[in-house]
Amino acid sequence: MCGIVGYTGDSNATIPLLEGLARLEYRGYDSAGISILADGKITTAKRAGKLAVLVAALKEKSLPNGQVGIGHTRWATHGSPIDRNAHPHLDPDGKVALIHNGIIENYHSLKVALENQGHDFSSDTDSEVVAHLLGAEYSRVNDLTAAMEKVCKQLQGNFSLVAIAVDSPGTLVGARRNSPLVVGLGDGANFLASDVAAFISFTRRALEIGQNQIVTLTASSYSITNFDGEAQNAREFEVTWDASAAEKNGFPHFMAKEIMEQPKALADCLLGRIDEKGQLALNEVRVSDDELRDIEKIIIIGCGSAFHAGMIAKYGIEHWSRIPVEVELASEFRYRDPIITRNTLVLAISQSGETMDTLMALRHAKEQRAKVISICNTHGASIPRESDGVVYTQAGPEIAVASTKAFLTQIVAAYLVGLYLAQVRGIKFVDEVRDILEELDEMPTKIERYLETSERLKELAEEFQSAQSILFLGRHVGYPVALEGALKLKELAYMHAEGFAAGELKHGPIALIEEGTPVLVVMPSPHSPLHDKMLSNVQEIQARGARAIIIASESDLAIADPRAIRIPDAPVLFQPLLAVLPLQLFAYESAVIRGYDVDQPRNLAKSVTVE
Ligand code: M6R
């Protein structure tokens, strides 16, 4: 939800800022803007539309060559995506420019107070209110850091902010509460950004900025304080991937690349999980084995695809650890007054580690004294930082808005937690856990084998391109796969799609089936007791005219249909890692055929940092 980047160094700031914005565009892409401080003056260019619109405008009329500046790519919350609502926002004197990611909940009362003092606003945003407040404080105290401290104390809500001021050449001041902000420490240049991707081609050295902290950055120094001006420490870390991981590398879209990266992502997710004694080891879990032995209930929370990954993981975790698991949408969790004790383990799943619904649910769980372990793909993000422990999915950067490799690795990482619990509690012997891990180790090769022969999905997308609605059916672990297939089609191809538990069909949804209705069916593995029941469900829909496309294991001889999509055989609990692949490809191809923007679907953003 909005990408922010600031640069201070010795080059023309527009260049690194535009590069940073291009890498952050996944966070929001309805408008973009840059402010540059040069010759004692701030000059701003901002445009509604994707970054390309701003780039074209800057080709016509470039910004001055200044060595400090800020840039923003927006996902609108307050005010529609039009030029004047784009960031940066300025104070009335044009002395301070500011970019913001998040929501200022008390912006209305602050705005009214400023209006009563004679302020006129040129946008409908909450962010401009902060720019005006900062300008007013800055003119009083003449110190951008001190002004930022005063302003942050007045704000309610979530924010990461970065500002520049005409009388503070070479300086960026950033602040954060509940929204991400990292420092990039370069050679002769430093950066502030929502995500390390923004500066990865310049430096891999980064600093985490903590909650309620302010950072003052020049090209050669940084200092960190809290909102009371007290000095704070920060943890430096090295980003483990390089710029090429965040490039398309010859693929037409990031999503295509990320789908094809899934074998490697899964292999990386499994790397380093066995210790020298041959036992499963989850190094960053940081919840003691004694505490894990006392766990009586697990609650998995997540949103969107992360929620679906949790639904699948429930089957494995309960099966192996024998601990009851509930799975809940993070956005609903804290509002139902869930029963949580110190013996509850909450597993928070999030690729970005910044999803506000999940972060708030996690905090609620911690307040009730639950243990929280997160499953996350982004080092140093808020969710892993606030958890007792974390299992990183190690999937590498996921840029496309649609989750693919993150989804697969979330399932596996959550399975690892289930197996670890089984091992610690003595429900499974070490060698039994190792046997399961060996089967898991075979999955990257199977995924690769399927992806090499996946051409058919394009034809299928063409065949169904004018369908009014597409249904997805699954049972057991295949049910969340069906939900995930429908979510992918909705978000990428803007088609009506629904996923159903096939057993539930006859209780209502079967009324949707009419002559020609396309239905994608995730057939349970032939080893599953549900296989034959699903065969009956297929017959029921075909008898009512459905065009069923069946996704079945290679060895499933009960499926004679030559149109069936075949996936390699796999153990029942691992089948979702294969069955979801044709559904990802189907959604991808459907969006391409329609000419939609696959990596940046309308109305969406990669990381949803508002509730
Ligand atoms: O970063 P998170 O994993 O917390 O994101 C959760 C959802 O917003 C995300 O999975 C979303 O549903 C995807 N765009 C689906 O492809």
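The legends below describe four close-up views of a predicted model.

**View 1. The cis peptide bond between histidine 87 and proline 88.** Omega of the peptide bond that leads from histidine 87 to proline 88 is near -5 degrees, and the bond is therefore cis, whereas most peptide bonds are trans. Proline 88 belongs to the loop that connects strand E4 (68–74) with strand E5 (89–90).

**View 2. The antiparallel pairing of E5 with strand E6.** E5 and strand E6 (residues 96–104) run antiparallel and are joined by two bridges; in one pairing shown here, histidine 89 has leucine 98 of E6 as its bridge partner. The wider setting is an open sheet of six strands, in the order E5-E6-E7-E8-E12-E13, with antiparallel pairing. E5 and strand E13 (222–226) stand at the edges of this sheet, and because each has a single partner strand, one side of each is left without a neighbour in the sheet.

**View 3. Aspartate 39, a residue other than glycine with a positive phi.** Aspartate 39 has a phi near 50 degrees, although most residues other than glycine have a negative phi. The residue is placed in the loop between strand E2 (31–38) and strand E3 (41–48), and aspartate 39 is exposed, its relative accessible area being 79%.

**View 4. Asparagine 603, a residue other than glycine with a positive phi.** In the segment that follows helix H19 (576–594) lies asparagine 603, for which phi is near 65 degrees. Because the relative accessibility of asparagine 603 is 65% and exposed means over 50%, the residue counts as exposed.

Definitions and conventions. Residues numbered from 1 in each chain as written. Predicted model: local features only at pLDDT ≥ 70, side-chain atom pairs only at ≥ 80, totals over all residues. Heavy atoms only, no water. Helix = DSSP H or I, 4+ residues; strand = E, 2+ residues; numbered from the N terminus. Buried < 20%, exposed > 50% of the residue type's maximum accessible area, 1.4 Å probe, protein only. Pairing = 2+ DSSP bridges.
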